[in-house]
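Reader: I'm new to this one, and I'd like a close look at a single part of it. Could you pick a loop and walk me outward from there, taking your time?

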Amino acid sequence: MESCRRTGLSGVLCSLSLLCVVLDIQLDGVLGATHVEIEHHLEMGRKLLAAGQLAEALSHYHSAVEGDSKNYLTYYKRAAVFLAMGKSKSALPDLTKAIHLKPDFLAARLQRGNILLKQGSTQEAWEDFEAVLQRSPNHEEARDQLMRANELEELQEEAHAAYHQGDYSTTINVLERVIEISPWDPDSRELRAECYIRMGDPQKAIQDLTPTTRLRNDNRAAFLKLSVLHYSLGDHSESLNHVRECLKLDQDDKECFSHYKQVKKLSKQLNSAEELIQQERHQVAIDKYESVMKTEPNVLFYTNLAKEKICFCMVKLRLALEAIDVCSEAHQRDPRNANVLRDRAEAYIFNQEYGKAVEDYLEAREFDSEGERMDLKEGLDRAQKLLKVSRKRDYYKILGVGRGANKQEIIKAYRKLAQQWHPDNFQSESEKKEAEKKFIDIASAKEVLIDPEMRQKFDAGDDPLDPENQQGGGGGQGWPSHFNPFESGSNFHFKFHHN
């Protein structure tokens with residue numbers, strides 16, 4: 001205050017003057033501390049970047065930028081971290097800020113031009129390379145990149161011209177070089193995907209569209225197209241995943257929501273049908289696959305799949321004739337489907353058409369080029385055995401029952417035929433001999449088919465009464481070891497009349 005009186009300042013003005021001095025001293029202290037902190041963050045960022053700890057390095061560069069928003073080098077160094085992390089879109093604003101703060105910063109211009117070129121922005125990239133060459137005419141990298149920018153522009157024009165002419169093959173060939181120069185350009189990939197779709201190659205279209213969902217911030221169109229493509233290929237689960245990504249970006253997107261409802265309904269039906277098969281509820285599964293065909297009648301894959309699965313379920317239900325009809329339709333729709341041929345072969349076996357079963361198994365194995373499917377090999381072996389046995393005696397045919405007949409049905413058929421072919425019902429010696437032979441076959445069939453172990457062997461293609469399958473061999477047609485219809489104690493007694 002003494003100094004204020006000496007200078008003639010009033011009390012208020014003197015107090016304000018002293019306050020400013022104090023604030024200046026305090027601000028100097030704060031700014032000094034901030035500068036130290038910034039240098040610390042920059043040094044830590046550099047060390048962590050060199051060590052490959054990118055996330056930690058980025059955190060320190062964030063702090064450095066917040067501490068000093070006027071330092072162009074800080075932005076440039078943070079951009080370098082973004083690029084190392086593969087986040088070119090995040091690096092661009094930092095490079096632009098660095099150039100704004102220091103327009104003659106050539107390293108930032110060159111780096112931004114390289115990113116813009118990879119993004120397919122030829123005009124903006126060209127401007128950055130030109131700016132570098134104006135200040136440094138002999139800059140080799142800038143000159144080479146400028147030539148690539150000019151080449152890219154010409155190729156882009158050539159690709160679009162070929163596309164509009166309907167020459168999709170040429171468009172794809174040109175875009176291969178375009179994408180080589182600008183791998184981060186979503187437009188080029190989307191155009192090539194469209195060409196693949198028009199040429200009937202949806203798998204390659206999917207390969208091109210998938211990265212575009214990351215190259216654009218809001219690429220709902222790509223997610224929807226990916227969903228539709230996966231749906232058309234029968235991959236309903238992946239289709240559902242992609243359309244959900246579209247709705248995450250905008251839950252009110254009408255196209256995505258409409259497609260989502262369709263995919264979700266179909267996917268639910270298919271998953272439910274498969275669970276029913278796992279639970280061996282085959283009739284209910286058939287009904288569910290019928291619903292699938294109604295839900296999606298226009299995509300061939302789902303109709304073919306439903307027919308294949310219905311064929312399988314009918315075989316499991318032992319509905320031989322119905323299975324043969326459905327399996328034959330499924331085979332006509334998809335001739336190279338080994339599962340359908342396998343299932344129809346089983347239906348033929350139930351219907352005792354062993355020759356056709358062998359043919360189907362042989363054809364199915366043609367589509368198993370590596371021979372890895374044991375079900376086809378084992379099925380063929382069994383069908384061939386059954387065919388061989390059927391040329392001797394087929395116990396199901398003898399009794400006139402299906403392969404799925406239960407014990408009661410077998411005994412009923414046996415009693416009816418036994419009464420019909422009882423030798424006492426015939427007069428002449430030749431008729432009696434024929435009746436006796438048939439009666440023996442009927443009795444043998446009954447004993448084999450009501451004995452679970454013997455029936456299992458027969459169903460596997462081995463005749464348990466065939467001497468060739470018995471130890472010790474022997475000739476002629478044998479009886480089961482515990483049964484002979486002519487022994488005492490049998491329910492049937494014969495009177496042979498001799499003249």
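Author: Let's start in the loop between helix 16 (300-316) and helix 17 (320-333), which is where arginine 318 sits. Keep in mind that this is a predicted model. Arginine 318 isn't a glycine, yet its phi is positive, at about 60°. Most residues other than glycine have a negative phi. As for how open the spot is, arginine 318 has a relative accessibility of 45%, so it counts as partly exposed.

There's another loop residue to set beside that one. Glutamine 352 lies in the loop between helix 18 and helix 19 (354-366). Its phi is near 60°, again a positive value in a residue other than glycine. Is glutamine 352 buried or exposed? With 10% relative accessibility, and with the cut-off for buried set at under 20%, glutamine 352 counts as buried. So you've got two loop residues with positive phi: arginine 318 is partly exposed, whereas glutamine 352 is buried.

From glutamine 352, step back into helix 18. That helix covers residues 338-350, and it packs with helix 20 (residues 374-390) at an angle of about 25°, the two axes being 11 Å apart. An angle under 35 degrees counts as roughly parallel, so that's the label for helix 18 and helix 20. Helix 18 makes a left-handed crossing as it passes helix 20. Which residues make the contact? On the helix 18 side, look for Ala338, Arg342, Glu346 and Ile349; on the helix 20 side, they are Asp375, Leu376, Arg382, Ala383 and Leu386. Sorted by class, the contact of helix 18 with helix 20 has five nonpolar residues, four charged ones and no polar ones.

Arginine 342 is worth a pause. It's part of helix 18, and it counts as buried because its relative accessibility is 17%. Leaving out residues up to four places away in sequence, arginine 342 touches Phe312, Tyr361, Arg373, Asp375 and Leu376. Take leucine 376 from that group: along the chain it is 34 residues from arginine 342, but the C-alpha atoms of the two are separated by 6.9 Å.

Now for the core. Ile349, which you just met in the helix 18 contact, also belongs to the largest nonpolar core, a group of 53 residues. The members that touch the most others there are Leu270, Tyr289, Tyr302, Ile310, Ile349 and Tyr361. In soluble globular proteins, nonpolar side chains tend to be buried together. Pick out tyrosine 302: not counting residues up to four places away, it touches Tyr231, Gly234, Asp235, His236, Leu266, Leu270, Val292 and Glu296. There's also a second, separate core of 47 residues, with Ala98, Phe129, Tyr168 and Leu191 among them.

Two of the residues that tyrosine 302 touches, His236 and Leu270, lead us to another helix pair. Helix 13 (residues 236-249) packs with helix 14 (residues 254-278) at an angle of about 150°, and their axes are 9 Å apart. That angle makes helix 13 roughly antiparallel to helix 14. Their crossing is left-handed. From helix 13, the residues taking part are His236, Ser239, Leu240, Val243, Arg244, Cys246 and Leu247, and they meet Cys256, Phe257, His259, Tyr260, Val263, Lys264, Ser267, Leu270 and Asn271 of helix 14. By class, the contact of helix 13 with helix 14 has nine nonpolar, five polar and two charged residues.

Within helix 13 you'll find serine 239. It counts as buried because its relative accessibility is 0%. Apart from its neighbours within four places in sequence, serine 239 is in contact with Ser227, His230, Tyr231, His259 and Val263.

One stop lies well away in the numbering. Glutamate 43 is in helix 2 (residues 11-50), and its relative accessible area of 31% makes it partly exposed. Glutamate 43 and histidine 60 are 17 residues apart in sequence, with 8.8 Å between their C-alpha atoms.

Finally, zoom out. The protein chain has 24 helices and zero strands. Of its 499 residues, 42% count as buried. Among the contacts in the protein chain with a separation of 6 or more, 53% come from residues 24 or more positions apart.

Technical notes:
Residues numbered from 1 in each chain as written. Predicted model: local features only at pLDDT ≥ 70, side-chain atom pairs only at ≥ 80, totals over all residues. Heavy atoms only, no water. Core = buried A, V, L, I, M, F, W, Y, C linked by side-chain atoms within 4.5 Å. Buried < 20%, exposed > 50% of the residue type's maximum accessible area, 1.4 Å probe, protein only. Contact = heavy atoms within 4.5 Å. Axes fitted to C-alpha atoms, helices over the stretch in contact; angles between N-to-C directions. Helix = DSSP H or I, 4+ residues; strand = E, 2+ residues; numbered from the N terminus. Parallel < 35°, antiparallel > 145°, perpendicular 65-115°, else oblique. Left-handed = near helix turned anticlockwise from the far one by under 90°. Nonpolar A, V, L, I, M, F, W, Y, C, P; charged D, E, K, R; others polar.
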